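Reader: I'm new to this one, and I'd like a close look at a single part: the place where the ligand sits. Could you walk me through that, and then show me what lies around it?

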Amino acid sequence: MKLIFLGPPGVGKGTIAKMVSRDYNIPQISTGDLLRAELKLESELGQKAKEYIEGGHLVPDELVINLLKNRINKEDCENGFILDGFPRTIPQAKALLEHGITIDKVINFTSPNEVIIKRLSSRRTCKNCGAIYNIITVPPKVENTCDKCQGELFQRDDDKPEAIKNRLVVYKLSTEPLIEFYETQGKLVSIDGTDTPQIVYEKTKEILK
Ligand code: AMP
């Protein structure tokens with residue numbers, strides 16, 4: 001099963017992708033996570049991508065496409081995968097086609113901008129294990145400390161107000177056209193992403209049946 005999870009940043013697609021990955025035994029491939037790992041390693045790619053990511057802009061297609069191709073060629077992707085945050089532009093979607101990757105379904109998670117802004121600005125991430133919290137809806141038991149590994153929580157630079165604004169503009173201009181792209185291929189199903197993760201996951205499972 002090859003899936004694409006589409007939707008604005010902060011809509012919760014990563015959370016649902018983790019649940020699908022666990023229950024359907026296919027990897028979640030988040031290009032955001034892959035890029036952040038490169039940043040941490042201070043690799044050449046990480047250094048090239050740093051400013052784009054921190055400012056809330058898209059990393060150039062060529063860099064992300066190469067990164068994704070390398071990941072998809074790994075053995076654990078043989079039975080499928082969930083692409084979370086890729087493609088984000090029409091050229092990225094075309095690159096999948098050019099590489100003979102046939103997507104079974106595209107799930108488009110939707111949410112109004114006010115909800116997104118609230119969610120992203122209250123999101124905190126563990127420096128150590130990457131676990132995600134929300135200081136309003138899913139706070140850690142001890143302030144600023146990860147429940148799982150006791151790592152310190154921080155706010156991603158791109159979860160700060162100016163970058164959030166950029167990310168939403170970028171989403172509208174570059175990523176939203178993918179809705180029509182996949183709609184015309186008959187692959188797109190939309191789900192309201194403002195419900196609780198459990199409800200959104202139930203709806204997702206119905207689609208995957
Ligand atoms: P995410 O964690 O998916 O919100 O991604 C964080 C940041 O990584 C984005 O704001 C972009 O700067 C970059 N990024 C992630 N995926 C892509 C992609 N498919 N194309 C271009 N940039 C990306």
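Author: Here is a walk through the ligand site, followed by the salt bridges and the nonpolar core.

Before anything else, keep in mind that this is a predicted model.

Let's start with the ligand's neighbours. There are 17 residues around the ligand, and the closest are T31, R36, H57, R88 and Q92. Three of these have a contact worth picking out. H57 uses its backbone: one of its backbone N or O atoms is 2.5 Å from a ligand oxygen atom. With R88 the side chain takes part, as an N or O atom there lies 2.9 Å from a nitrogen atom of the ligand. The side chain of Q92 also has an N or O atom 2.9 Å from a nitrogen atom of the ligand. How much of the ligand does the protein bury? On its own the ligand exposes 480 Å², and 95% of that is buried by the protein.

Now for what the shell is made of. By type, the shell around the ligand splits into seven nonpolar, five polar and five charged residues. Two of the helices, α2 (31–41) and α3 (44–55), each bring at least two residues to this shell. The biggest giver is α2, with four residues.

Helix α3 is a handy place to step away from the ligand, since a salt bridge can be found there. The side chains of E54 and K50 meet in it, with 3.2 Å from N to O. Why are these two about one helical turn apart? They sit four residues from each other in α3, so about one turn of the helix separates them. E54 counts as partly exposed because its relative accessibility is 31%. K50 is partly exposed too, with a relative accessible area of 38%.

That pair is not alone, as a search of the whole structure turns up 16 salt bridges. Another one joins the side chains of E152 and K127 at 3.6 Å, N to O. This pair ties distant parts of the chain together: E152 is in the loop between β6 (132–134) and β7 (153–154), K127 is in the loop between β5 (123–126) and β6, and the two are 25 residues apart. E152 is partly exposed at 48% relative accessible area, and K127 is partly exposed with 48% as well. Then there is the bridge between the side chains of E176 and K172, at 2.8 Å from N to O. E176 counts as partly exposed, with 29% relative accessibility.

Some salt bridges share partners, and in this way R123, R156, D158, D159 and R167 are joined into one network. Take D159 as one member of it. You'll find D159 in the loop between β7 and α7 (161–175). Is D159 buried or exposed? Its relative accessibility is 0%, so D159 counts as buried. The side chain of D159 also makes a polar contact with the side chain of R167, at 2.9 Å.

Last comes the nonpolar core. In soluble globular proteins, nonpolar side chains tend to be buried together. Here the largest nonpolar core has 30 residues, and F81, L83, L96, I103 and Y182 touch the most other members. Two or more residues come from each of β1 (2–6), α3, α4 (61–72), β3 (81–84), α5 (90–98) and α8 (177–183). The top contributor to this core is α4, with six residues. Notice that α3 turns up again: it gives residues to this core and to the shell around the ligand.

Conventions: Residues are numbered from 1 along each chain as its sequence is written. This is a predicted model: local features need pLDDT of at least 70, side-chain atom pairs count only at pLDDT 80 or more; totals for chains, interfaces and linings use all residues. Side-chain values use heavy atoms; hydrogens and water are left out. A residue is near a molecule or strand if one of its heavy atoms lies within 4 Å of it. A polar contact is a pair of N or O atoms within 3.5 Å; within protein, one must be able to donate a hydrogen and the other to accept it, and residues adjacent in sequence count only if both atoms are side-chain atoms. Accessible areas come from the Shrake-Rupley method with a 1.4 Å probe; for residues, only the protein chains shown count as cover. Ala, Val, Leu, Ile, Met, Phe, Trp, Tyr, Cys and Pro count as nonpolar, Asp, Glu, Lys and Arg as charged, and the others, Gly among them, as polar. A salt bridge is a side-chain nitrogen of Lys or Arg within 4 Å of a carboxyl oxygen of Asp or Glu. Buried means under 20% relative accessible area, exposed over 50%, partly exposed in between (1.4 Å probe, protein chains only). A nonpolar core is a set of buried Ala, Val, Leu, Ile, Met, Phe, Trp, Tyr and Cys residues joined through side-chain atoms within 4.5 Å.
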